Amino acid sequence: MWKNRVAWAFLCLGALAAYVFENGLGTALLLSLCLGLPLVSGLVLALWPVKLRGELRVPELADRGEEAACRLILTGPRLLPIRCLVTAQNRFTGQTARICAAEVGETAFVLTPVHCGSYLVTVGPATVYDLLGIFKKNCLVEAAGTLLTPPQTVPLALELAQTGTGADSETYSALRPGADPSETFRIRDYVPGDSIRQIHWKLSEKTGKTLVRDFGLPLVNQTLLLLETTAIPGTSLEAEAMDLCLDLLASVTAALCAMGQTPVVLDTPIRDPTDLATLWPALLSQPLSEGVQTVCGRTAAEGLCTYAHVAVISPYPPPDGASLLNGNRVTVLLAGPGESPGVETVPISAKAFRSGELELVL
């Protein structure tokens with residue numbers, strides 16, 4: 001558009017010079033046309049209530065690196081030149097990219113997702129030009145579409161280690177008391193404030209002093225899977241590392257389901273991979289964030305971790321993974337090098353994982 005404005009300016013200067021040197025009817029008419037026509041064209045553009053309607057057709061799913069064929073149907077006046085941009089934002093990673101430029105009519109374009117996430121495809125605002133291409137105004141186009149790029153599942157050789165005090169289906173914490181009167185955690189002396197129902201009457205009568213019984217804390221015979229989506233100070237969440245973390249989450253969940261287990265992901269029991277697929281839209285629509293508390297810290301703050309197995313999938317070593325220990329087993333599946341203090345850490349490279357030869361013990 002700036003080229004048209006420069007050309008208009010030179011044309012007006014030329015017409016003005018001609019009028020100055022030859023003050024005649026023809027030069028006056030030429031100068032009037034050079035000045036008036038663009039102004040009339042701009043006035044028409046300003047007063048014209050341009051209405052645009054857009055319709056985006058975007059596939060629901062596409063794998064990483066897969067070309068997704070999309071279409072934009074833009075309806076509006078064809079007399080005026082109209083241009084708009086189509087952009088796609090990965091709401092999980094926050095990355096935004098321009099896809100293509102579009103005009104009135106139907107525009108076909110391709111969206112190739114690079115990373116996992118929920119891609120929000122939007123249009124506009126559209127730029128409407130006057131007939132001479134000198135003036136412009138913006139018009140909103142309400143059109144959006146969503147494309148989901150879920151993680152990829154890789155076959156895993158997975159084994160669950162024995163946890164707790166025994167191999168029964170119900171195990172109890174060896175470190176923390178609970179509220180299950182069917183299992184004794186320990187016997188100790190009575191202190192003021194203890195419940196009467198905790199008093200061990202027979203043992204107190206034999207020893208001659210009041211003894212109480214701390215109840216056991218049962219461990220749920222399930223596996224809790226945690227995904228780190230917060231970068232604490234000194235760490236970062238790179239898109240490539242998060243792809244590996246998400247692939248690990250999907251693959252470990254599928255392996256546990258194949259073993260007859262019911263892992264818990266995002267507080268939701270997963271009985272088969274179909275259940276997990278219903279969680280991806282919500283998970284991948286939430287942006288990665290920065291904060292001071294890891295997923296381990298948030299989970300520990302909610303109370304004692306009562307799961308027999310906990311797998312923390314993280315792109316960096318969580319410094320507080322040991323806060324989840326409660327007589328159970330905690331394993332950090334680390335998308336990169338490092339070690340989480342106090343818990344077992346398994347560094348996993350993308351090459352080793354995607355080769356299908358990885359063997360894990362949780």
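**Notebook: helix α1, Ser314 and strand β6**

I began with Val20, which I located in helix α1, the helix that spans residues 2–21. I noted beside this entry that the model is a predicted one.

Next I asked whether Val20 is buried or exposed. Its relative accessible area came out at 57%, and because exposed means over 50%, I entered Val20 as exposed. I then looked up the surface around this residue and found that Val20 belongs to a nonpolar surface patch of about 850 Å², made together with Trp2, Val6, Phe10, Leu13, Leu16 and Phe21.

I turned to Ser314, which I placed in strand β17, covering residues 307–314. Ser314 is buried, its relative accessible area being 0%. Which residues does Ser314 touch, once those up to four places away in sequence are not counted? I listed Glu228, Cys245, Leu333, Leu334 and Ala335.

My last entry concerns strand β6, which runs over residues 117–123. I recorded that five of its seven residues are buried, so the strand is largely enclosed by the rest of the structure. I then looked up its pairing, and found that β6 pairs with strand β3 (residues 82–90) in the antiparallel sense, over five bridges, while six bridges join β6 to strand β9 (residues 144–149), again with an antiparallel run. For a position within these pairings I took Val121 of β6, which stands opposite Ala88 and also stands opposite Gly145 in β9.

Terms used: Residues numbered from 1 in each chain as written. Predicted model: local features only at pLDDT ≥ 70, side-chain atom pairs only at ≥ 80, totals over all residues. Heavy atoms only, no water. Patch = residues over 30% accessible without salt bridge, like charges linked within 9 Å, V, L, I, M, F, W, Y side chains within 5 Å. Areas by Shrake-Rupley, 256 points an atom, 1.4 Å probe, with all protein chains shown as cover. Salt bridge = Lys/Arg side-chain N within 4 Å of Asp/Glu carboxyl O. Helix = DSSP H or I, 4+ residues; strand = E, 2+ residues; numbered from the N terminus. Buried < 20%, exposed > 50% of the residue type's maximum accessible area, 1.4 Å probe, protein only. Contact = heavy atoms within 4.5 Å. Pairing = 2+ DSSP bridges.
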